[in-house]
Amino acid sequence: MGWEALNLWGAGATRVEELAGGVANDVWSVRLHGQRAVGRLGTRSDADLAWEAALLQHLDRAGLAVPVPIPTIDGRLFADGLMLITFVEGGPPETVADWRRVAETLRQLHRLTQGWRQRPGWRSSTELLDADTGTRIDLTTMPPEAVARCRAAWARLAGHERCVVHGDPNPRNIRMTAD
């Protein structure tokens with residue numbers, strides 16, 4: 001269905017401009033009921049999107065500043081690979097103090113998601129101790145010494161409670177908000 005699914009959010013939902021930084025998704029600024037939102041269209045499974053939507057709602061209820069899924073007119077949090085999320089105002093981290101706030105927020109993410117189940121269809125770091133592939137990972141394409149170093153680092157996690165890990169905390173996908 002593609003971007004035609006946008007009509008499931010109502011007649012006033014429109015794409016405005018493509019946003020930079022999307023690796024796994026086609027990402028656009030969207031106007032919805034006069035408000036700015038973000039639309040992400042990709043090929044992830046419904047189970048994957050449901051996992052992500054539940055995580056974002058959980059983190060929002062716990063007080064973290066995260067984008068929150070916006071339901072369709074009939075209440076779905078995504079449709080045909082499309083998810084609309086609230087736009088988070090802010091800019092990238094720039095100072096040492098900003099990066100300290102990022103680090104504290106990541107620690108809070110880890111505390112809030114203790115025991116959170118693995119994203120469907122993906123493999124955790126500890127599962128990659130014995131497996132060579134997982135979703136978009138293929139350890140057989142890496143030099144053997146690099147795989148050994150990664151597995152040595154991941155081995156230290158064995159036996160610890162699982163939590164959600166931000167897979168790519170870089171200035172393009174972290175927004176510093178006023179609070």
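**Helix α1 and its surroundings**

The buried residues of helix α1 pack against strands β3 (35-42) and β4 and against helix α2 (96-112). They are Asp 48, Leu 49, Trp 51, Glu 52, Ala 53, Leu 55, Leu 56 and Leu 59, a list that includes the acidic residues Asp 48 and Glu 52 alongside four leucines. The model discussed here is a predicted one, and its mean pLDDT is 92, with 98% of the residues reaching 70 or more. Within the protein, confidence is highest in strand β4 (residues 82-86), at a mean of 97, and lowest in strand β5 (residues 133-134), at 88.

The length of α1 can be checked by simple reasoning: the helix holds 16 residues, from 46 to 61, and because each residue should add 1.5 Å, the expected span is 22 Å, which agrees with the 22 Å that separates its end C-alpha atoms. After the helix comes Gly 63, which has a positive phi, near 100 degrees.

Gln 57 also belongs to α1, but it is not among the buried residues, because its relative accessible area of 25% makes it partly exposed, the cut-off for a buried residue being under 20%. Leaving aside residues up to four places away in sequence, Gln 57 touches Pro 69 and Leu 77. Pro 67, which is 10 residues from Gln 57 in sequence, lies 8.7 Å from it in space, C-alpha to C-alpha.

The strands β3 and β4, against which α1 packs, belong to an open sheet of 4 strands, arranged in the order β1-β2-β3-β4 with antiparallel pairing. Strands β1 (14-18) and β4 form the edges of this sheet, each pairing on one side only, and from one strand to the next the twist averages 35 degrees. At the β1 edge, 4 bridges connect β1 with strand β2 (residues 25-32), and the two run antiparallel; Arg 15 is found opposite Val 30 of β2.

Seen as a whole, the protein has 3 helices and 6 strands, which follow one another along the sequence in the pattern β-β-β-α-β-α-β-β-α. Its C-alpha atoms fill a box of roughly 55 × 40 × 30 Å along the principal axes, and of its 179 residues 32% count as buried. Among contacts with a separation of 6 or more, 57% are between residues 24 or more positions apart. The protein exposes about 10,800 Å² of surface, of which carbon and sulfur atoms supply 53%.

How values were computed: Residues numbered from 1 in each chain as written. Predicted model: local features only at pLDDT ≥ 70, side-chain atom pairs only at ≥ 80, totals over all residues. Heavy atoms only, no water. pLDDT = per-residue confidence, 0-100. Pairing = 2+ DSSP bridges. Axes fitted to C-alpha atoms, helices over the stretch in contact; angles between N-to-C directions. Expected span 1.5 Å × (residues − 1). Buried < 20%, exposed > 50% of the residue type's maximum accessible area, 1.4 Å probe, protein only. Contact = heavy atoms within 4.5 Å. Areas by Shrake-Rupley, 256 points an atom, 1.4 Å probe, with all protein chains shown as cover.
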